[in-house]
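The following exchange concerns the structure shown below. Please keep it in view while reading.

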Amino acid sequence: MDRRLAITWLGHSTFLIRTPGGTRVMFDPWLARNPACPQAMKKPPKVDLILVSHGHRDHMDDLVAVARESGSPVVAMPELCDWLGRKGIANLSPMNKGGSQHVAGLDVTMTEALHSSGYVDNGQMVYMGEPAGFVVRLEDGVTLYFAGDTALFGDMRLIGEMHKPDIAFLPIGDRFTMGPVAAARACEFLGVRQVVPMHWGTFPILTGTPAELKRLVEPRGVQVLELKPGETAE
Ligand code: NI
Ligand code: MN
């Protein structure tokens, strides 16, 4: 445990986390055609663990490339893993909602998300299982909640009670996910002190902003970790 948690935003919902134990975790890899991803970061990185929340293009367009480059386990819904297997990716750790597993030295629980999940492959819409979120418990006990794409739901309270997350990664762009008002409510349900806004600013139709989230949660003592694409917070 020689290092501190580092969170790098690659734009949209793509994050690279370095845990205190030095494990590199990538969430929802979307690089090459992600308009928010800095040019220098578009190349698939070598990571130790890949977590995928659902099958939409803006969350997994570079999944095969990153999995191939890394050879590290991919954690996702069984249907998504099955599709990956047919693409020649062998290191798969499928799971489903409510389940936990110890993978790459971390404890990962898959949680609910209210959204949809499909991927267009060769002109066909492929079912990728249900959308999900993740709770990740790091080596030092610090607990992250990555919501994926979701609407607000009441059982975020249950996630708060059971997992006591320290930092929540919440979508705030609106239109396809929660906006800032619902995300502020999510912070309350989860009981988090820190929130990393995601899924905003990539396209003009994603109208929610961190400023709006700050206005709602800062008076209640919740810190908004607003990152620029390519920026790292420690
Ligand atoms: Ni989505
Ligand atoms: Mn999305």
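**Metal site, sheet and salt bridges**

Along the chain, the donors of the manganese ion (ligand 2) are spaced as D-H-x89-D-x49-H. This is a predicted model, in which local features need pLDDT of at least 70 and side-chain atom pairs count only at pLDDT 80 or more, while totals for chains, interfaces and linings use all residues. Residues are numbered from 1 along each chain as its sequence is written, chains are lettered from A and ligands numbered from 1 in the order in which they are written, and side-chain values use heavy atoms, with hydrogens and water left out.

Q: Which residues coordinate the manganese ion (ligand 2)?
A: Donors are N, O and S atoms within 2.8 Å of the metal (3.2 Å for Na, K and Ca); water is not among the atoms, so sites may look incomplete. The coordination distances for the manganese ion (ligand 2) are 2.1 to 2.3 Å. The residues are Asp58 (OD), His59 (NE2), Asp149 (OD) and His199 (NE2).

Q: Which residue bridges the manganese ion (ligand 2) and the nickel ion (ligand 1)?
A: The two ions lie 3.0 Å apart. The residue that bridges them is Asp149.

Q: Is His59 buried or exposed?
A: Buried means under 20% relative accessible area, exposed over 50%, and partly exposed in between (1.4 Å probe, protein chains only). Asp58, with 16%, is buried. His59 has a relative accessible area of 0%, and therefore counts as buried.

Q: Where is Ser93 placed?
A: Ser93 is buried, at 13% relative accessibility. Its contacts (heavy atoms within 4.5 Å), not counting residues up to four places away in sequence, include Pro73, Cys81 and Val103. Helices (H or I, at least four residues) and strands (E, at least two) are DSSP runs, numbered from the N terminus. In these terms, Ser93 is in the loop between helix H3 (78-86) and strand S6 (100-103).

Q: Which are the edge strands of the open sheet of six strands?
A: Two strands pair if DSSP finds at least two bridges between them. The sheet has mixed pairing and the order S5-S4-S3-S2-S1-S15. Pairing on one side only marks the edge strands, strand S5 (74-75) and strand S15 (232-233).

Q: What is the bridge partner of Phe15 in S3?
A: Strand S2 (residues 15-18) and strand S3 (residues 24-27) run antiparallel and are joined by four bridges. The partner of Phe15 in S3 is Phe27.

Q: How many salt bridges are there?
A: A salt bridge is a side-chain nitrogen of Lys or Arg within 4 Å of a carboxyl oxygen of Asp or Glu. One network of salt bridges links Arg33, Arg57 and Asp61. By this rule, the count of salt bridges is 12.

Q: Which residue forms a salt bridge with Glu234?
A: The closest N and O atoms of the pair are 4.0 Å apart. Glu234 lies in the segment after S15 and its partner in strand S2, 216 residues apart. Glu234 is exposed at 58%, whereas the partner is partly exposed at 23%. That partner is Arg18.

Q: Which residue meets Arg220 in a salt bridge?
A: The N to O distance is 3.4 Å. Arg220 is in the loop between helix H6 (210-217) and strand S14 (223-224), and its partner is in helix H5 (residues 180-190), 32 residues apart. Arg220 is partly exposed at 41%, and the partner is partly exposed at 42%. The residue is Glu188.
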